[in-house]
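Student: Could you pick one part of this protein and go over it closely with me? I'd like to hear what is tucked inside, what faces out, and how the neighbours fit in.

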Amino acid sequence: MSITRNLERICNELPSGVKLVAVSKFHPAESIAEACRAGQKVFGESRPQEFEKKVQALAGNGIEWHFIGHLQTNKLKMVLPHAALVQSVDSARLLDAIDEWGRKNERTVSVLLELHIAAEESKQGFYEEEILDILFRAGSFRNIRFCGLMGMATNTDDEDAVRADFARIKGYMDYLRDLFPELSDFRELSIGMSGDWRIALEYGATMVRIGTAIFGERLSD
Ligand SMILES: *Cc1c(COP(=O)(O)O)cnc(C)c1O
């Protein structure tokens, strides 16, 4: 199946108002260019070096780039000048560094806070109470725009487990929106990947991040 056909099938099923982030990590710039020609303009990358290289290679295509991987504070300048959204903020230290970068560069950086929802120990992200702590002092991060939550469900064939993860993040999102009505940008819920995006839609996803189902298998991860 071609990238163009895969995109067509997914876009036909996605409700309007849900943003498709095409996850192009480990796939060559030519694949991104093909997706672009098919009308896809939002792409997600997870490694700073690869992100920066692709931004340069594909300049002029009107792409909206999202960063979705672990970001170390010493790699900010590879990512932040080009990222419309950093989806994967997973520590207060990173948040402080992004805010500081924004201040120095006179930019406001849009971020999602990554909530740890999967059962696996390895998955990154904040715990609920850490996010609460950050949002209570959201006003002190002058160069950050808090746009919502990102999460990855447990990687399993057990649909009930995936549903439980999505229900938890959806419930938490609703709770936060209630608690912080003044954070008017805080409304994105980025959940759902190739294997579970249809389920994520049932739990209020406003963004899905799909790689394999568009570009095929990755060589490594
Ligand atoms: C790789 C990745 C995806 C896409 O995964 P697929 O299963 O290939 O769709 C989505 N989100 C994040 C954070 C990723 O790292």
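**A close look at helix 6**

Tutor: In helix 6, which spans residues 128-136, the buried residues are Glu128, Ile131, Leu132, Ile134 and Leu135. Look down the helix axis and those buried residues fall within an arc of 165°, so they line one face of helix 6. Keep in mind that we're looking at a predicted model. The general rule behind this sort of pattern is that an α-helix has 3.6 residues a turn, so residues three or four places apart point the same way. Swing round to the other side of helix 6 and you find Glu129 and Phe136, both exposed. So there's one glutamate on each list: Glu128 is buried, whereas Glu129 is exposed.

What sits on top of that buried face? The cover includes helix 5 (92-105), strand 5 (109-115), strand 6 (144-151) and helix 7 (159-179). Let's visit some of these neighbours in turn.

Start with strand 5, where you'll find serine 110. Its relative accessible area is 10%, and buried means under 20%, so serine 110 counts as buried. The serine 110 side chain makes a polar contact, at 2.9 Å, with the side chain of arginine 145. Leaving aside residues up to four places away in sequence, serine 110 touches Ala84, Leu85, Val86, Arg145 and Cys147.

Just before that, the loop between helix 5 and strand 5 holds glutamate 106. Glutamate 106 isn't a glycine, yet its phi is positive, at about 55°. With a relative accessibility of 74%, glutamate 106 counts as exposed.

Helix 7, another part of the cover, contains glycine 171. Glycine 171 has a relative accessible area of 36%, which makes it partly exposed. Its C-alpha atom is 9.0 Å from that of tyrosine 203, although the two residues are 32 apart along the chain.

For comparison, try helix 1 (residues 3-13), where Ile3, Asn6, Leu7 and Ile10 are buried. Seen down the axis of helix 1, these fall within an arc of 95°, so they too line one face of their helix. The buried residues of helix 1 pack against strand 1 (19-23), helix 2 (29-37), helix 8 (197-202), strand 8 (207-210) and helix 9 (212-215).

Between strand 1 and helix 2 there's a loop, and phenylalanine 26 is found there. Phenylalanine 26 also has a positive phi without being a glycine, this time near 70°. At 24% relative accessibility, phenylalanine 26 counts as partly exposed.

That brings us to the ligand, since its surroundings include Val23 and Lys25, along with Ile68, Met150, Met152, Met193, Ser194, Arg209, Ile210, Gly211, Thr212 and Arg218. By class, this shell has six nonpolar, three polar and three charged residues. Two side chains come up to ligand oxygen atoms: a polar atom of lysine 25 lies 2.6 Å from one, and an N or O atom of serine 194 is 2.5 Å from one. Arginine 209 puts a polar side-chain atom 2.8 Å from a nitrogen atom of the ligand. Taken alone, the ligand exposes 390 Å², and the protein buries 90% of that.

Notes: Residues numbered from 1 in each chain as written. Predicted model: local features only at pLDDT ≥ 70, side-chain atom pairs only at ≥ 80, totals over all residues. Heavy atoms only, no water. Near = heavy atom within 4 Å. Polar contact = N/O pair within 3.5 Å; in protein donor to acceptor, adjacent residues only side chain to side chain. Areas by Shrake-Rupley, 256 points an atom, 1.4 Å probe, with all protein chains shown as cover. Nonpolar A, V, L, I, M, F, W, Y, C, P; charged D, E, K, R; others polar. Buried < 20%, exposed > 50% of the residue type's maximum accessible area, 1.4 Å probe, protein only. Helix = DSSP H or I, 4+ residues; strand = E, 2+ residues; numbered from the N terminus. Arc of directions from axis to C-beta. Contact = heavy atoms within 4.5 Å.
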